[in-house]
Amino acid sequence: MNKSLITNLVATGLVTTALFIEPPFKAHVLNTGLFALAGGITNWLAIHMLFEKVPGLYGSGVITARFDQFKSGIEQLVMEQFFSKDNVDRFMAELVADNADHQLDFSAVIDNTDLEPAYHSLVDTIMESSFGSMLSMFGGKSALEKLKQPFIDKMKVSLNEMAHSDSFQASVKDKLSSMSVFDDIHLQIEHIVQSRLDELTPQMVKQIIQTMIREHLGWLVVWGGVFGGLIGLATSFLPV
């Protein structure tokens, strides 16, 4: 269900209906529809501008514009929590104890990894952008709170897929088998992670975040239409 489209269609329907209504209700319906349409369209445009660069509109395309910042945050998260020194030492002990065909299982580590810092980093990036003031009208960070768990769940799925892919497992085992000092191994893993992240492009990062949160941001359009309509209804009762 496309919340944005339905909201704007309902608002447009109110405006159209107002053309066939006689006073005194005409002004009430028309103002409600116009204000709801204005609120819905402006919020839809704001969401669109988070992901897409719009010529002539400063601040649009903030997700891809902050690409380096987002990639740096992911690298820090992975190396400090996922591939910390303690975890690498444990992985090495497990690898030595098992046979060479054993696949390293990172599932438990990923499940226990706190991904909230990644979510808060994304929210801070959005709030620091030119859209922060607009989002503040709808509750600021609290308006995005419903995105947290879906974001964390999908991040864990993505990390699991990366960590258990044949190429990643082969790269890690290749590096581990050629090193005898755990500190050196940690540096090698950091290099692997950095190399993988270097393969990311701004378009790929945009698609990842877009898939995670765009559906939920549709509620901003819904509430923009609702509050806009209520404001329009209220103004229709003001004396001219």
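Is Phe227 buried, partly exposed or exposed? Phe227 is partly exposed, because its relative accessible area is 43%, where buried means under 20%, exposed over 50% and partly exposed in between (1.4 Å probe, protein chains only).

A word on the ground rules. This is a predicted model, in which local features need pLDDT of at least 70 and side-chain atom pairs count only at pLDDT 80 or more, while totals for chains, interfaces and linings use all residues. Residues are numbered from 1 along each chain as its sequence is written, and side-chain values use heavy atoms, with hydrogens and water left out.

**The overall picture**

The protein chain has 12 helices and 0 strands; helices (H or I, at least four residues) and strands (E, at least two) are DSSP runs, numbered from the N terminus. Of its 240 residues, 42% are buried. The accessible surface comes to about 13,200 Å², and carbon and sulfur atoms own 62% of that; such areas come from the Shrake-Rupley method with a 1.4 Å probe, and for residues only the protein chains shown count as cover. Among contacts (heavy atoms within 4.5 Å) with a separation of 6 or more, 76% join residues 24 or more positions apart.

**Helix 12 and its nonpolar patch**

Back to Phe227 and its surroundings. Together with Trp219, Trp223, Val226 and Leu230, Phe227 makes a nonpolar surface patch of about 500 Å². Patches are made of residues with over 30% relative accessible area and no salt bridge; like charges are joined within 9 Å, and nonpolar side chains (Val, Leu, Ile, Met, Phe, Trp, Tyr) within 5 Å. Trp219 belongs to helix 12, which covers residues 202-235, and counts as partly exposed because its relative accessibility is 39%. Trp223 is partly exposed too, at 42%.

The structure holds 2 aromatic pairs. One of them joins Trp223 and Phe227 in a tilted arrangement, with 5.8 Å centre to centre and 35° between the planes. For such pairs, rings of Phe, Tyr and Trp (its six-membered ring) need centres within 6.5 Å; planes under 30 degrees apart count as stacked, over 60 as edge-to-face and the rest as tilted. Trp223 and Phe227 both sit in helix 12, 4 residues apart, or about one turn of the helix. An α-helix has 3.6 residues a turn, so residues three or four places apart point the same way.

**Helices 4 and 7, and a salt bridge**

Helix 4 (residues 67-82) has 16 residues, which should span 22 Å at 1.5 Å a residue, and its end C-alpha atoms are 21 Å apart, which agrees. The expected span is 1.5 Å times one less than the number of residues. Buried residues of helix 4 include Phe67, Phe70, Ile74 and Phe82, and also Lys71 and Glu75.

Helix 7 (residues 116-127) has 12 residues and reaches 16 Å from its first C-alpha to its last, close to the 16 Å expected. Its buried residues include Tyr119, Leu122, Val123 and Met127.

Helix 7 also takes part in a salt bridge, defined as a side-chain nitrogen of Lys or Arg within 4 Å of a carboxyl oxygen of Asp or Glu. By this rule the count is 1. The partners are Lys148 and Glu116, whose closest N and O atoms are 3.8 Å apart. This pair links distant parts of the chain, with Lys148 in helix 9 (residues 148-163) and Glu116 in helix 7, 32 residues apart. Lys148 counts as buried because its relative accessibility is 17%, whereas Glu116 is partly exposed at 30%.

**Three residues from the N-terminal part**

The table sets out contacts beyond four places in sequence for three residues.

| Residue | Place | Relative accessible area | Contacts |
|---|---|---|---|
| Ser4 | helix 1 | 12%, buried | Trp44, Gly218, Val221 |
| Ile21 | loop between helix 1 (3-18) and helix 2 (25-51) | 23%, partly exposed | Lys26, Val29 |
| Gly33 | helix 2 | 0%, buried | Ala11, Leu14, Val15 |

Which residue, 200 residues apart from Gly33 along the chain, has its C-alpha atom separated from that of Gly33 by 8.6 Å? That residue is Leu233.
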